[in-house]
Amino acid sequence: MQLQDITEARKLHDQLIPLGPIMLALTAATTIWQGVLADTDVRWNTFGQILDDRTLDEISDKTDPN
């Protein structure tokens, strides 16, 4: 979707914000995801993994003792 200017994009963004929690609640009703039973009630962790752009070094919990 491409909008004409930033003002139009902001208005559309503001109108779509309330749909986020509604859609997340609807996915909670889906117990099977990609043919496997889901172990969570919402897909937030999946969305977070999709949008996470950190490197493996940044994700790991290992700390450098030096």
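Helix α2, spanning residues 19-28, is the main contributor to a nonpolar patch on the surface of this predicted model, supplying 4 residues. The patch is formed by Leu 16, Leu 19, Ile 22, Met 23 and Leu 26. Taken together, these side chains and their backbones belong to residues with about 470 Å² of accessible area. One member worth a closer look is Met 23, which lies in helix α2. Met 23 has a relative accessible area of 48% and is therefore partly exposed, because the partly exposed class runs from 20% to 50%.

With the patch in place, the overall layout is easy to follow. The protein has 4 helices and 2 strands. Read from the N terminus, the order of elements is α-α-β-β-α-α, so that order opens with two helices, continues with two strands and ends with two helices.

Turning to the surface as a whole, the protein exposes about 6,400 Å². Carbon and sulfur atoms account for 58% of that area. Burial is summed up by a single figure: of the 66 residues in the protein, 3% are buried.

A word on confidence helps in reading the model. The average pLDDT of the protein is 78, and 82% of the residues reach a score of at least 70. Among the elements, helix α1 (residues 6-16) has the highest mean pLDDT, at 93, whereas strand β1 (residues 32-33) has the lowest, at 72.

Terms used:
Residues are numbered from 1 along each chain as its sequence is written. This is a predicted model: local features need pLDDT of at least 70, side-chain atom pairs count only at pLDDT 80 or more; totals for chains, interfaces and linings use all residues. Side-chain values use heavy atoms; hydrogens and water are left out. Patches are made of residues with over 30% relative accessible area and no salt bridge: like charges are joined within 9 Å, nonpolar side chains (Val, Leu, Ile, Met, Phe, Trp, Tyr) within 5 Å. Accessible areas come from the Shrake-Rupley method with a 1.4 Å probe; for residues, only the protein chains shown count as cover. A salt bridge is a side-chain nitrogen of Lys or Arg within 4 Å of a carboxyl oxygen of Asp or Glu. Buried means under 20% relative accessible area, exposed over 50%, partly exposed in between (1.4 Å probe, protein chains only). pLDDT is the predictor's confidence in each residue, from 0 to 100.
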